[in-house]
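The following exchange asks on what grounds each term is applied to the model shown here. Each answer sets a value against the rule behind the term.

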Amino acid sequence: MKSASVVSAPAASRRWVGAAVPRKEDEALLTGRARFIDDLAPLPGLTFAAILRSPHAHARILGIDVRRALALPGVRGVVTGREIAEVIGPIASVVRAPFAYYPIALDRVRYVGEPVAVVVADSRYIAEDACELIDVGYEPLPAVADLASARAPGAPLLHDNTTSNVISRRTFRYGDPESAFAAADRIFEFSYSYPRYASTPMETFGVIAHFERAPDRYTVWSNFQGPFVIQPLMAGALRVPGHRLRLITPPASGGSFGIKQAVLSYIVLLAAVSRKVGLPVKWIEDRAEHLSAASAASDRLGSVAAAFRNDGKLLALKFHNVANMGAYIRPPEPASLYRMHAASNGSYAVENIAVENELVVTNTTPVGLNRGYGGPQFYFALERVMEIAARGLGIDPAELRRRNFIPADRFPYRAPAGAVFDSGDYPRALDELLRIADYEGLQRRREQARRDGRLFGIGFAAGVEPSGSNMAYVSLAQTAEERSRGERKSGANASAVLQVDPSGQVTLRICSTPNGQGHATVAAQIVADALGLDPADIDVVTDIDTLTSAWSIASGNYSNRFAAIVVDAVAKSARQVADKIRLMAAEALDATPEEIDLSDGYARVRGSNRALPFRKVAARAHWDPAGLPPGTAPGIVETAVVSPPLLGSPDVKDRVASATTFGFVVDLAAVEIDRATGILHIEKYASVHDVGTQLNPKIVEGQVHGGFAHGLGAALFEELAYDEQGNFLSGTFADYLCPTAMEVPPLDVGHIETVSPANALGAKGMGDGSSMLTPAAIANAVADALGRDDVTLPLTLQRVWALANGREYERAAPGRRATPRRTRVSGGALNGGGEIVLSAPIAEVWRRLLDPNELSAIVPGCRTLRQEGNDRYVAEVTIGVAGIRGTYGVTIDLRDRREGQSVRFVGKATGALGFGTGSGLVTLQAEPDGRTRLHYEYEAEVGGKVAAVGQRMLGSVVRFLLAQFFDALEHRIHGRRRAWWHSLRAWRTLLRG
Amino acid sequence: MSVQTCLAGQKATIELTLNGQRRSGKAEPRLLLCDFLRHELQAFGVHVGCEHGICGACTVLVDGRAVRSCTQYAVQADGRDIVTVEGLAEAGTMNALQRAFAKHHALQCGYCTPGILCSATHFLRETPAPTEREVRDMLSGHICRCTGYASIVAAILEAADAVSRGA
């Protein structure tokens, strides 16, 4: 393929590109001087926002009373969803859904963590205090938290004007899949569910929003990562012309991995809040908010069928993908289903493909970009079924892949669904993998292990890594007919502005919003080569200001676009500057521009000793425009804007060149599983990549290791879990487990290099690859070790143990009866029971249990308690769970009262931090020595923040509170005369449970 | 108002040594140390990652010991000697540990890095010649989402070498 870009510098002049140049970014970061969003105070008079969020998965908002919050000193304003809707419209999406997405709930909440109101105050502490003082009336509605229940007939619907939670269904057909399946010798099928997880950048979201009048305009600082195609959508929601929403990114951003695309919702929300309260507002998300309500990779249900000939030839593939969008479709979703679509053949030369895609809404947080974006889910299907097929066909899984790889002489390769793979040599990469992993040695180890009765498995995964996305691919969610009615879309613009100032200093500005990928370093390497300078001499500005940057819709940091496209713009701008310098130097040195070499900071006439310093030549463009060669513009500001010409619009057959470069990754995992404990030990993990030209091998290495760690986390630990009622259960880093240094095994990395024709550097985008393939490779190894295919991620200790021992794995079993004396937590549900002997006769215990004055003294954290009628108590109680302390309004009803024998307490608690319902049966029995045996059993359900962050502790907290309760009761019975060891004994009895 | 007599809602004056300089600032009893260091004393190198004591990004040295500043109150730091990432080396320079991090590409976004540097500083003082496993064990108190840790382990091992050689 001939690319429009020409190869600029001859290989000999490449001094910096390809070298492991130390990063320009590092010193500021290592000395604490890099500036992130929360370090900025760009305006005087900043105020601070906190967001009140829904504790319910699904509920109608009956009313919001903000009076108590507004009365708190230091509070500057409280804004509810209804008030926000006065100044914004919905945020549009590519899918025409019969419901709107607003960044805050209007009259109904649809997921735990959905914003309900925003408090603005003089400090974040006061704003958070005030959130607790907002009284929201909710009418809970039935919720659907997972794909299966959302799709079930008669499922509760999330949105009015819909008849199903399945809001879009599209089918695609390439080649002749039906005939291929009919003609196949063997068909292998695999059904799966893929969990929801997120890359959790260490820096959370942050927004500083400022509204000004005359004209109405917004300026927003945020760690948004793009794509800036969302900027027009945000401006649309804020009802201002595009240029009146000025977005600015801070100099540093603490990781993103796609997730910070979702900052968009908070840009719109906080901008509107600033307008409503008339103040500049800063909001920094906390980790609990981030885990529960930021964004996530879409969880999926799916199936895949693969048609083979007996000799291993893959004839056709059929995919059925069901993707969870969360409660709304937030742009750029449903792109996660379409990112891989045009490359649905993976790395294989298979011509016949059928795809059926369903988008489903559930009572969970809206999903979005996450490292690998759609890739991990796709490869889990494709690469698992390849492994299953290999076993079924009796062909070695590496060999089966080799037989089906796109041959090295077929590049550029047009895939059936339209992707154009730029370059590759997959068999060679596989050879390299087998070599560095010592596949033969591992096979011998596996044989030996199996002879010894141990569980040892080897798994592979191979795939292409699409990079530099075509902005049009997401419109595949529309039919060709729908597309034809809209404006045509295509391409992926990247820009670079290279400037040489009057002192000859070079500054490059790019719109790639890096979040740790070292773009400044690599861009400086490219410019240094072109201008004959040292990368240290090139300043690179990577923050965007949409009023002054040369941005466009594809700006931002996603789909590995930096090395696929942005570098091309950088190289082009550098070439333009170099040409101008050569022209001026030639004039000054009495030579032709072709004779001028730029090296070591000089413009030299080749083959002579005539030379001028680069800076001196460049300065002339500023100081002496009259002396410039005819037709040369004064100054040096060169802008290059490129879009890979290959990236056209989707055609009528739903084919699209979806990305610019296609790297290749092939992985091998070898695992041993300890049957007795479920411990999974990764004996070997090897990964071979083809990223084209490695622009900076150190950075490439870092991306491979980082992507691997994300894939490993997805494979083994990470899940954003919900219970069946939609309560969110993973609200802290103690519940949502990221791999630490102890869990990440050694990684052997290999490379082959097929130069990409898609840009001037021969580079391919990279960074996502390992995160896409590691989950599949590990699952394949585990399936091989266990000899079973029903391997579901994450492969936690409990799950692996259950699989290895032929047991059913249960994560959540709400409502299960617990054995007495134990508190059991599953999902947001708790139940348990126990008994205690109290040193008073039944009558006294009974009296104290039902006396409001007694109860207010013995209920832990009770602030007020009063009786309403005969059988109801109303109380205010303060309880802390897992470091979050909150006040709850509690009502307790007495039911089934059998005087002096038993009574059932039925309670309901609500507060800003969550809610709970429960019931407990207390039975009294006389002991021979005048004491009373009290037996209790309870069931409770907890939701909201308490469930999200306190999940691990709820059981112990309940036991602890019960211990306190009975201890206080016993204490009241005995007055102050009781010895301390009585109390100790009572505690021990209870805590033993 | 002194730290001892300060009540909720009131502000105490905290006096401490920050990166070798005597500093003071005001803090309510409930103000977290990380917020005090960042917003009262402008030590923005202290990064807040989780506010529940797990990710380790906010780690600082209090009297030489690595401490999570998100699970301490500012009032607890009264009279203490605090070192943040800004104070690990002379201004305008990097120490052997920081140089090793740069050399091994042990940081990408760099958000978790200040906390890791502080923990590693305390660790290397107590364990001057650590094994890889000891380094990983120490590091397991930190979450880094960018690097996969291998480069951080290599950097700390190399710094240990450099420090023990007196470099």
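Q: How many salt bridges does the rule find across the interface of domain 1 of chain B and domain 2 of chain B, and what makes a pair count as one?
A: The rule finds 0 salt bridges across this interface of the predicted model. A pair counts if a side-chain nitrogen of Lys or Arg lies within 4 Å of a carboxyl oxygen of Asp or Glu. The model is predicted, so that local features need pLDDT of at least 70 and side-chain atom pairs count only at pLDDT 80 or more, while totals for chains, interfaces and linings use all residues. Residues are numbered from 1 along each chain as its sequence is written, chains are lettered from A and ligands numbered from 1 in the order in which they are written, and side-chain values use heavy atoms, with hydrogens and water left out.

Q: What joins domain 1 of chain B and domain 2 of chain B by polar contact, and what does that term require?
A: There are 8 residue pairs in polar contact between them, both residues being at pLDDT 80 or more. The term requires a pair of N or O atoms within 3.5 Å; within protein, one must be able to donate a hydrogen and the other to accept it, and residues adjacent in sequence count only if both atoms are side-chain atoms. On the side of domain 1 of chain B that touches domain 2 of chain B, β3 (59-62) and β4 (65-68) of chain B each supply at least two residues. These elements are DSSP runs numbered from the N terminus, helices being H or I of at least four residues and strands E of at least two. That side of domain 1 of chain B divides into 9 nonpolar, 7 polar and 2 charged residues. Here Ala, Val, Leu, Ile, Met, Phe, Trp, Tyr, Cys and Pro count as nonpolar, Asp, Glu, Lys and Arg as charged, and the others, Gly among them, as polar.

Q: How do you know where the two domains of chain B lie and which residues are in contact?
A: The domain assignment gives domain 1 (12-87) and domain 2 (96-164) of chain B; such bounds come from an automatic or database assignment. Their C-alpha centres lie 21 Å apart. Contact (heavy atoms within 4.5 Å) involves 18 residues of domain 1 of chain B and 15 residues of domain 2 of chain B.

Q: What is meant by the area that these two domains of chain B bury?
A: Buried area is the accessible area (1.4 Å probe) that two parts lose on being put together, summed over both. For domain 1 and domain 2 of chain B this comes to about 1200 Å², 59% of it on carbon and sulfur atoms. Within domain 1 of chain B, the most area is lost by B:His47, B:Leu61 and B:Val85, together 35% of what that side buries.

Q: Why are A:Arg108 and A:Asp160 called a salt bridge?
A: Their side chains meet at 2.9 Å, N to O, and the rule allows an Arg nitrogen and an Asp oxygen up to its limit, so the pair qualifies. The count between domain 2 of chain A and domain 3 of chain A is 1 salt bridge. The rule also finds 15 residue pairs in polar contact across that interface, both residues at pLDDT 80 or more. α9(A) gives the most to the side of domain 2 of chain A that touches domain 3 of chain A, with 5 residues. By class, that side has 24 nonpolar, 9 polar and 4 charged residues.

Q: What area do domain 2 of chain A and domain 3 of chain A bury between them?
A: They bury about 3300 Å², 64% of it on carbon and sulfur atoms. A:Phe99, A:Arg110 and A:Leu291 supply 21% of the area that domain 2 of chain A buries here, more than any other three residues.

Q: What makes β31 and β32 of chain A a pair?
A: Pairing needs at least two DSSP bridges between strands. Strand β31 (residues 862-868) and strand β32 (residues 872-881) of chain A are joined by 6 bridges and run antiparallel, so the term applies. The bridge partner of A:Thr864 in β32(A) is A:Glu876.

Q: Why are B:Glu51 and A:Arg124 called a salt bridge?
A: Their side chains meet at 3.1 Å, N to O, so this pair too satisfies the rule. The count between chain A and chain B is 5 salt bridges. The largest share of the side of chain A that touches chain B, 8 residues, comes from α19(A).
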